[in-house]
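I opened a fresh page for this one and went through it a piece at a time. Here are my notes, in the order I made them.

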Amino acid sequence: MTALADRAPPESDGPVPALAGGAVHLAPSQRAVARVLGRLLDDLPSRETRPELGSPRLRVLDLRLRLLRAHVFEDPGPLLRRLKRRGLLRERRGPPGDRAFDLPYPDVLRQFLGATEARAQAALPVPGAAELDEESTVRALDTEFRHRLREVLEGRLPQTLEFGASFNVQRLSEYLRQLFGEALYRDALVALLQQYALADVPLLAPNGRVTGTTGFHLALFGPPGTGKTFSIDDLVRGNPRSGVPAHGLPGRNRYCGGITPAQFLRVGASYADRTFNFIVPEFNDWFRYRGMVEPLKLVMEQREVKWETTFGTIGPYTFRSFFSVNYNTRAGGSGDYWASIADPNFAALEDRMLLRFQPMTPDRFRAVETSAERLELGEIDFTLAESIRDHLTLVHGLETGAARVPGWSGTRPVTLQRGLYDRLRQVSDRALEQDREPRYSPRLRSRAVRLAAAARLVGALQGPPEAALTVSPAEVDLAAEIYEAEIAARSGPTGRSSSGALRPTADGQPSLRSANRANGTRGDEP
């Protein structure tokens, strides 16, 4: 991989275009296109190019894929024509079915886009100190990701490609099973699959139409001490105090411990049209504040957010990122659990997350105890931590267009097949036979599809670089297993076993609905 430097065009190309006042007025839809184009330009210096090119090159297909990933569905044509008239783009022959432009003055183009965005922002209220500070946090996170990606591309690319040639979701599962045991590894697995899903890769129907993307929200809940924070935070970002190395995506996880929901909604504007993961370790605390469900629901649905308070208006902005959260439940004896979030509308948020229930069963108690013991004695060997992190970084870079590797194409969508849906339909059919009044929504299946696609990304470096990414039977099996467990956690079998404990689900999880009934609450109230 060679770095792409901004090369000055030949002198015969004429003078550098002036900014003519520094900016122009753009319609809101075109401002969104300009922001995405600006981020694409920021990635150009680290991209491969041929030495004979006199300037960086922009492919319209690359821009359209970036727009799709940012959920911007506007036509970039008007903005490109405007930039072409100003001399900041020069059209050249592109590959069949695509258009390409040389960028003779990339620095001037960056200034132009930046000045245009600044002019648009000037009409908005002046951000508070927290928002200004958050911009520096975003820059630091971006720097962390680019630094790691550069290290992989320039220093460990052959090793990472070799590792990826034999790495898939089965090998990742086995690694985590060896670390944490049968009772704990699935939660860690789903947390790392969410990290792969952050590339937000398009999902393609068999007819070639884009029907979604891979990203999803994740929630772990259960009594204290069941390993929730470890799965979504320690394993992802690392915990040097306990000797746990990071396995997650560098520079794309924003920790939200101690932040209030109002602060989140305010700083969230700094992440507009970007894709990050927000780790919220105590989601309960956010619901001590009244009226938070509706704006958070808009955030999770990735709709436009506008929140009016007595101190001013926040937004509007569009949030394109995801959450991984945990929250505690209360225990009433050996087998009764119910959520400690009193807001009756909280179920609307739960319905938008992939839910994993972590009850404190004897098996889980022993598993957590044993894992903590082995960790403290130095008996857990995280041998694949750095290799997995390099692999995750490279896959994310390739799928988001932040990196190019010779012989590898850019973004490769995941192609969905009818077999995946047939298998998930079998799971829901069995559940509906047992419960004619389901307490869960069809949204669960959509998240299972995204989970299967994320599992496919783990093996993205296997096989020929040009091969399509199609969900395999192993990934279908995993999605069906997690889907069945989530249905059981939300509605599972009723009644108690002879011992008085809740009947377990397929993966050993007691029924949340049974716990609710045991305490006199409705099954759809967490």
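**Entry 1: H15 against H16**

I began with a pair of helices, H15 (residues 418-434) and H16 (residues 443-458), whose axes lie 11 Å apart and make an angle of about 135 degrees. I should say at once that this is a predicted model. Angles over 145 degrees count as roughly antiparallel and 65 to 115 as roughly perpendicular, so I put H15 and H16 down as oblique to each other. I also noted the hand of the H15 and H16 crossing, which is right-handed.

Next I asked myself which residues of H15 meet H16. On the H15 side I found Leu420, Tyr421, Leu424 and Arg425. Their counterparts in H16 are Arg445, Ala448, Val449 and Ala452. Sorted by class, this contact of H15 with H16 holds six nonpolar and two charged residues, with no polar ones.

**Entry 2: H6 against H14**

I then turned to helix H6 (residues 157-164) and helix H14 (residues 385-400). Their axes come within 10 Å and cross at roughly 95 degrees. With 65 to 115 degrees counting as roughly perpendicular, H6 and H14 are therefore roughly perpendicular to each other.

I listed the contact residues too: H6 brings Leu157, Thr160, Leu161, Phe163 and Gly164, while H14 brings Ser387, Ile388, Asp390, His391 and Leu394. By class, the contact of H6 with H14 has five nonpolar residues, four polar and one charged.

**Entry 3: a sheet**

What is the strand order in the open sheet of four strands? I read it as S5-S4-S14-S15, with mixed pairing. Strands S5 (210-213) and S15 (469-470) are at the edges and have a single partner strand each, so one side of each has no neighbour in the sheet.

I looked further at S4 (residues 202-204) and S14 (residues 414-415), which run parallel and are joined by two bridges. Leu203 is opposite Val414 in S14.

**Entry 4: confidence**

Last, I checked how far the predictor trusts its own model. The average pLDDT for the protein is 79, and 77% of the residues score at least 70. Over residues 1-13 the pLDDT is below 50, and I noted that this stretch has 32 contacts in the model beyond near neighbours in sequence. Residues 122-132 also stay under 50 in pLDDT, and for them the model has four contacts beyond four places in sequence. I have flagged both stretches in the margin for anyone who picks up this notebook after me.

Technical notes:
Residues numbered from 1 in each chain as written. Predicted model: local features only at pLDDT ≥ 70, side-chain atom pairs only at ≥ 80, totals over all residues. Heavy atoms only, no water. Axes fitted to C-alpha atoms, helices over the stretch in contact; angles between N-to-C directions. Parallel < 35°, antiparallel > 145°, perpendicular 65-115°, else oblique. Left-handed = near helix turned anticlockwise from the far one by under 90°. Contact = heavy atoms within 4.5 Å. Nonpolar A, V, L, I, M, F, W, Y, C, P; charged D, E, K, R; others polar. pLDDT = per-residue confidence, 0-100. Pairing = 2+ DSSP bridges.
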